[in-house]
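The exercises below are meant to be worked with the sequence and the structure side by side. Try each task before reading its solution.

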Amino acid sequence: MKAARIDLRHFTGFPLITGVCLILLYAPLLIVAVYSFNDSPSITTWEGLSLRWYRDVFFGVEASKFKTAAFNSITIASMAATVATILATSAATAMSRAGQFKGKSVSFALINLPLMVPEIVTAVATLIFFSAIGFTTGYLSILLAHIVFCIPFAYLPISARMQGIPDGYEQAALDLYATRWQAFRLILLPLMLPGILSGFLLAFIISLDDFIITSFVKGAGIETLPTAIFGAVKIGIKPNIMAISTLLLVVSILFVTLSYLIGRAGEKSN
Amino acid sequence: MKKYLVTSVAAAALFASSMAAQAEGKLSIYHWFDYIPQELLDKFSKEHDVEVTMDTFDSNEAMLAALKAGKMGSYDVAVPSDYMVKIMGEEGLLDTIGDGELSNFGNIAPDWLNVPFDNGRKSSVPYQWGSSNFAVLKSAGISDVHTSELVFNPPEVLKGKINMLDSQGEVLALASLYLGIPQCSSDRDQLKQLNDLVVSAKANWASFASDTAKDQLLAGDASLSMIYSGQAAKARQEGAALEYSFPKEGYILFADSIVLLKDAPNRDNAIKFMNFMLEPENVAAVSNYAQYGNNVTGADKFMDAALAKSPELNPPAGSKGHFVEACAQEVQEYYDRIWTNVKK
Amino acid sequence: MAGQLSSNNGNASNIYQGNGLTLMLPSWLVICVLLVVPVGIMLVYSFLTKEFRGGVIWEFSLAAYDQFFFYRGLFGDEAPTIEWTYIAIFWRSIWQAGLATILCLIIGFPTAWFIATRPPSSRAFWLFLITIPYWVNLLIRTISMKFLIRDEGPINEFLIWLGPISEPIHMINTNFAVQLGLFYSYLPFMVLPIYASVERYDFGLSEAAADLYASRWVTLRKIILPVVKPGVIAGCILVFVPSLGAFLAPDLLGGAKNFMIGSLIEEQFKGNAGNWPFGAAAAMILLTMVLIVLIIYARAQNRERT
């Protein structure tokens, strides 16, 4: 009997579902983008095309405040995600490659603890803790708090990835007198890259978005993008918020497309 | 990767310390969002050579929680509402203003000098006042909007199209006024009445949302919404055909004040700011921006004509405004339980 | 060689035996200092007396837990009966979170699979495509979502114009809206871990001819699923647990008419209630529940692998 070749890459309906997924993700953003060009200060009535909100964002009275806030958000997110990813990779290696060690189950619970505590509780508790030890709140306090809650978001994809990688290559390397560090760095790490990238991305976006924890632990006068605009959303969204968001979106799309093209060019030249 | 990490942390530390280095002439305000125009803050900055930073909160209780959790000492002034000023005073969070420290003290409108929450204005100066009743869309065809009956026993056309503020204080206060019972009542029958009223009225309410009240009216998602008077005025300016209500059973008044916080790091600048805000021109700028009223003599001539005449700032004759009251501990617990019953 | 390696998938490895604790140390340090200590403070708070309007008085009291489990009437002085209110709130949040997780799984798994089977050079691009929307603040996206599904919103208008319905479908302020919101908030948390897992799978192997009469779907179920299980579980955890404490979607899209765990606890700290010990107690109960589930899972994993 002739055996059938099974093509597991293609399942009917999967591309369709992916399409649906992307539409669902981007539809609200389309609204945001469209209304950022709305001439009216209200987001529910359309009054014609206008660039006034973009002018307001760049040259308006609150421009410098938003710029600083955006800068803070992005730098904090980058640093927190990086540190969290490093910590998470180390932890994931321990959990899936170091056999049994004392306190392994507790470690698993610990890594996921930031995920399990409701944000408001973490926020209040961390502020109380910082005041109790006399730690002056400011940029650094935000960064530290962010690193902590980013860890599980980085950990879970990395760990999932690592569990799927058989250790045969590393075994072989060790048999050939490589040190553990070399086996880790030269063999495991490259194989881990998709997981690490996923972990970093998740940690990054969770840090960008955080409001409650940031608003409690930040120093007076320091703003991140969510804390700077959150109140605005409470009073009634002004389209300048839409403008900022659209800008952020465009910048990130540009950035990604750019790195993709550079990556492609790099590949071609190989 | 480690090198990158080290340099980033170093850069961050440097950045953080550079922020602290500009410490000459600062002022730190804790404020409601989008209440004061940035231009006014810049004006103060220039006039007094002070760097102003402003943090925001979205409710009185959130402000109190943050201050109690550890933010005392970070801010110079805050802007709480009436009952919260009293609470803060009782909690020992306020500093007293010395006699004669405020040269503009005489500008305070006489009616607003001795308020129940700060007699003689020892720790606060008036900022803005308004009301938090509700607005009804004209399209709903309600002839007489000045009654809370529309909220607690609505006609068919309003059922399911009512939005309430997500705030225990205002909702229960409105309900108490409707029933004609005192706000901090400890009478069990009255409390049971209140409990039953609000729990059953909820069936007709579509949502609890303080932030999107204005948008809901503009979009027509809600035909009636509890809303702050300034927001209602803004909604009207943005095109909503609505009427702002002053219920004849009693309406809810609020008065925000600027308070001097204890352990203020820049007390002198705080006093300067409070004085600045007692200038008729300045406080009128806030009124024009946020669409509320103020309590400073002589500010009227700086206010927008439309604002001064607006229905939101001119309650019909005979209607009575009440501040939300802060109750004693035991009684407050009853009201907390009622609110949990409403939201469970 | 390839065959041997594949068979090791998912099994316990101990090639770095002995380094376990060292590798865990940095994470232990950071989390212990910055989270365990603050959470410990909260745990202590849950056993203290509440200070009026927020804060705590340093006096031992079980009042917070008592309030959670026992109902003593509107005035607090009747004979105690079981308090179903908070248990109901917890239950409501649990099934909301569960439903959201299933929704994310149904949409997220095929999406992750699709991305993982794209040509390698474009995979990062697809991943970014999925995560870029999340650069825009969640609050704004949720409000935009609200705008979309309103009775007079674009979706209803479009459907009415198309013809199938004549009255707008009431979506806002319903459970469906909350589900949509939760799904929308946490989708990448499902997609990315699954992607990381699936990407590893050696497709070439299973595509090889064998005496298989089974369809692709059965192969998916019986062979591949066990292999990508870690990714699926990771995704479920990352969606379920945060959904439990979420309040943005329930409040903005569901109308905030019913407390969820997140809004209940928020109310204790940021609302009128000012009952920190109770908020702490509710958080501790939530934490315990989730911890138990996670530890059971971790133990089962360990047993499976050795």
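Chain A exposes about 10,200 Å², of which carbon and sulfur atoms supply 70%; accessible areas come from the Shrake-Rupley method with a 1.4 Å probe, and for residues only the protein chains shown count as cover. This is a predicted model, in which local features need pLDDT of at least 70 and side-chain atom pairs count only at pLDDT 80 or more, while totals for chains, interfaces and linings use all residues. Residues are numbered from 1 along each chain as its sequence is written, chains are lettered from A and ligands numbered from 1 in the order in which they are written, and side-chain values use heavy atoms, with hydrogens and water left out.

**Exercise 1. Describe chain A and chain C by their elements and their burial.**

Step 1: Count the elements, taking helices (H or I, at least four residues) and strands (E, at least two) as DSSP runs numbered from the N terminus. Chain A has eleven helices and zero strands, whereas chain C has 13 helices and four strands.

Step 2: Turn to burial, where buried means under 20% relative accessible area, exposed over 50%, and partly exposed in between (1.4 Å probe, protein chains only). Of the 270 residues in chain A, 61% are buried, and of the 306 residues in chain C, 57% are buried.

Step 3: Add the surface of chain C, which exposes about 12,400 Å², with 68% supplied by carbon and sulfur atoms.

**Exercise 2. Place C:Leu127 in its surroundings.**

Step 1: Locate C:Leu127 in helix H5 (residues 120-131) of chain C. C:Leu127 counts as buried because its relative accessibility is 0%.

Step 2: List its contacts, meaning heavy atoms within 4.5 Å. Leaving aside neighbours within four places in sequence, C:Leu127 touches A:Leu197, A:Ser198 and A:Leu201 in chain A, together with C:Ile115, C:Leu192 and C:Tyr195 in chain C.

Step 3: Take one of these partners further: C:Leu192 is 65 residues from C:Leu127 in sequence, yet the two C-alpha atoms are 7.6 Å apart.

**Exercise 3. Find which side of helix H2 of chain B is covered, and by what.**

Step 1: Pick out the buried residues of helix H2 (residues 38-48) of chain B, namely B:Gln38, B:Leu40, B:Leu41 and B:Phe44. Seen down the axis of H2(B), these residues fall within an arc of 165° (taken from the directions from the helix axis to the C-beta atoms), so they line one face of the helix.

Step 2: Look for the cover, which includes strand S1 (26-32), strand S2 (51-57), helix H10 (267-276) and helix H11 (280-290) of chain B.

Step 3: Follow the chain just past H2(B), where B:Asp49 takes a positive phi of about 55°.

**Exercise 4. Characterise the packing of helices H7 and H13 of chain B.**

Step 1: Two packed helices are described by the angle between their axes and the distance between the axes. The axes of H7 (residues 188-201) and H13 (residues 329-343) of chain B come within 9 Å and cross at roughly 20°.

Step 2: Classify the angle, given that angles under 35 degrees count as roughly parallel, over 145 as roughly antiparallel, 65 to 115 as roughly perpendicular and the rest as oblique. H7(B) and H13(B) are therefore roughly parallel to each other.

Step 3: Identify the residues in contact, among them B:Leu191, B:Leu194 and B:Val198 of H7(B) and B:Tyr334, B:Tyr335 and B:Ile338 of H13(B).

Definitions and conventions. Axes fitted to C-alpha atoms, helices over the stretch in contact; angles between N-to-C directions.
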